[in-house]
Amino acid sequence: MIFVVLLLIIALLGAPLYAVLAAGAMLGFHNEDIDLAVMAIEIYRLAETPVLLAIPLFTFAGYILGESKAPYRLVNLTNTLMGWLPGGLAIVALMTCALFTAFTGASGVTIVALGALLYPALKVAGYGERFSLGLITSSGSLGLLFAPSLPLILYGIMLQQLGLTLDIGIDDLFLAGILPGLLMVFLLSSYSMIQKRQPAVATEKPSNGDTLKVIRESIWELPLPFVVLGGIYGGFFTVSEAAAVTALYVLLIEVVILREIPLKKLPEIMRSSMVMVGGILIILGVSLALTNYMIDTQVPSQLFESIRTHIDSKWTFLILLNLFLLALGMMLDIFSALIIIVPIIVPVAINYGIHPVHLGIVFLANMQLGYFTPPVGMNLFIASYRFERPVMELYRATIPFFFILLIAVLIITYIPELSLFLVD
Amino acid sequence: MVTKQDVSVVNRILTYIHRFEDGLLALLLLSMIVLASTQIFIRNLFDSGIVWADPLLRVMVLWLGLMGALAASRENKHITIDVLNRVMTEKVRHFAHIFTALFTAIVTAIIAYHSTLFVLIEREANSVAFSNIPAWMLVTIIPITFAIMSVRNLIHIYQHSIALKEFNTKA
């Protein structure tokens, strides 16, 4: 117990999480008289999980897209198609952020890459400063529930590590995220439509020529979502193969065909994307060891027993889970949170009769909110840095968006059908 | 006595090492993309496949992950909980860095040591991973990367001690 507290303090002082987790696992194994060579065996399990291939490849594709002019074209396209609707531009912002985040993972890239385009555009369209800032900051994590977002994939990988009797694939999670994700976009869009604009610029419906022009501009990127999702559900390739196709395709169009990324810049993009991948995979590697230790010593079932003496209803458990995940989302980044908490929480939740797919969606929805929950949500700081505004101002700006998405999270939590309807 | 010249030689050597790592990282990533794509192409068009492609790709994920982690430790870009760091004063932050780097150096050194023993056992056992490639060779990446990460954390301790010294003389 004293060691756990000690490790927690070391983690809070800012030690790399992988080192803290590895230390915990090794202490545990040492107490059980297990040879520490087991650490190498557990880390080597990274080479025995085929779906993991999806993580570096999708991350790399996302980094390439973020460095190219694809964000600009994406905004242009959606703006022409939908900008003339009431609240159109705000909805454009929401949709592009969601799509972009799905492909890049919510690592703050959305705010940095799209924010620069959307923020001035929103102000020109007459939206207030506070609304514009709040919208972009809270949309920075919107889209986590849409395929092929990295957190969805990682949740699927973690489930597979647990060896459940239920056979749940990553493609099931991709389906499960659709309706809850759309609910979030819908609620935020409705809120945007009732915003008053000063001055209310009359926007005209674009001519057919304009529409054709922007479609032609994005002709290379447009097939991407269809190739990825169509390929997976059409049975042409698996999730990790979809990642390979995406990486190759994005590399070809942005570097060879459109030439928006000079060859010289490629090594740097590769390195920075792989630094992120390495950071995630090493935590996964050492956590596999810790998880095994905890399952051997029956931590999840003990946890369930002790929780059950206080809580007997599934719904009370879910509301406490919401609070716990919200707090967790402020402290930990989404990837470490998934890797560390999922192996403990899933067995407990199953005992309460919660479907693992539903749990995953609830988990990610809460985490999404945690990204901009004051006082320490990561995206608040990224936006503060990007738009050169004090963090306090962003706290205020995001409050209405926080409550709207909180309602969405509660609906997602208490109506499991929303997540499970499309999954059979 | 460490002269300025020594420092520049050390820096140059470090730059070469970093460049080699970056090159290996890029090579791994590109070959993964090409190999995985080729595999899908062959399967969907000719209904066959390269036998060693899938196991090789899986091992490449391990290598890429560990090389990426190694690059992350170069720039101190590992995932941490940075809630407290945001409120620390500069001096306290240097102390915290020195302490956490020492902790990380010890942990990674222990993993490096025990995985070296594991590699030796695997070598003794002579087990084959796939296509006649001995398993121990593939595992070797674990002790190598963890050992270098340990050294890198020692370098971080040195760097933060110097920064702390400069901070104290300034104050």
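**Polar contacts across the interface**

I began with polar contacts in this predicted model and counted 6 residue pairs in polar contact between chain A and chain B, both partners at pLDDT 80 or more. I then asked which helices of chain A supply at least two residues each to the side that touches chain B. They are helix 1 (2–12), helix 2 (17–31), helix 3 (38–44), helix 4 (54–67), helix 13 (239–257) and helix 14 (266–296). Helix 14 of chain A gives the largest share of that side, 10 residues. Sorted by class, the side of chain A that touches chain B holds 47 nonpolar, 5 polar and 5 charged residues.

**Extent of the interface**

I looked up the contact count next: 57 residues of chain A are in contact with 53 residues of chain B. For size I took the buried area, since the size of an interface is often given as the accessible area lost when the parts come together. Chain A and chain B bury about 4900 Å² between them, and 80% of this is on carbon and sulfur atoms. Which residues of chain A lose the most area to chain B? I found A:Leu13, A:Tyr44 and A:Arg271, which together make up 13% of what the chain A side buries.

**Salt bridges**

My search for salt bridges gave 18 over all chains. I noted that 3 salt bridges cross the interface of chain A and chain B. For B:Glu75 and A:Arg271, which form a salt bridge, I have the closest N and O atoms at 2.2 Å apart. A:Arg271 had already come up in my list of residues that lose the most area to chain B.

Within chain A, I checked A:Arg73, which forms a salt bridge with A:Glu221; the closest N and O atoms are 2.4 Å apart. I placed A:Arg73 in helix 5 (residues 70–82) of chain A and A:Glu221 in the loop between helix 11 (208–217) and helix 12 (223–233). The two residues are 148 apart, and the pair links distant parts of the chain.

**Aromatic pairs**

I searched the whole structure and found 11 aromatic pairs over all chains. One of them is A:Phe29 with A:Tyr293, an edge-to-face pair at 5.8 Å centre to centre with 70° between the planes. A:Phe29 lies in helix 2 of chain A and A:Tyr293 in helix 14, so the pair ties together parts that are 264 residues apart in sequence.

**Backbone checks**

I looked for backbone exceptions, because most residues other than glycine have a negative phi, and most peptide bonds are trans. The peptide bond from A:Ala147 to A:Pro148 is cis, with omega near -5°. I located A:Pro148 in the loop between helix 8 (129–139) and helix 9 (150–162) of chain A. A:Arg259 is not a glycine, yet I read a positive phi of about 50° for it. A:Arg259 sits in the loop between helix 13 and helix 14 of chain A.

**Confidence**

I closed with the scores: ipTM is 0.93 and pTM is 0.88 for the model. Chain B has an average pLDDT of 90, and 98% of its residues score at least 70.

Terms used
Residues are numbered from 1 along each chain as its sequence is written. Chains are lettered from A and ligands numbered from 1 in the order in which they are written. This is a predicted model: local features need pLDDT of at least 70, side-chain atom pairs count only at pLDDT 80 or more; totals for chains, interfaces and linings use all residues. Side-chain values use heavy atoms; hydrogens and water are left out. Contact means heavy atoms within 4.5 Å. Buried area is the accessible area (1.4 Å probe) that two parts lose on being put together, summed over both. A salt bridge is a side-chain nitrogen of Lys or Arg within 4 Å of a carboxyl oxygen of Asp or Glu. A polar contact is a pair of N or O atoms within 3.5 Å; within protein, one must be able to donate a hydrogen and the other to accept it, and residues adjacent in sequence count only if both atoms are side-chain atoms. Helices (H or I, at least four residues) and strands (E, at least two) are DSSP runs, numbered from the N terminus. Ala, Val, Leu, Ile, Met, Phe, Trp, Tyr, Cys and Pro count as nonpolar, Asp, Glu, Lys and Arg as charged, and the others, Gly among them, as polar. pLDDT is the predictor's confidence in each residue, from 0 to 100. Rings of Phe, Tyr and Trp (its six-membered ring) pair if their centres lie within 6.5 Å; planes under 30 degrees apart count as stacked, over 60 as edge-to-face and the rest as tilted.
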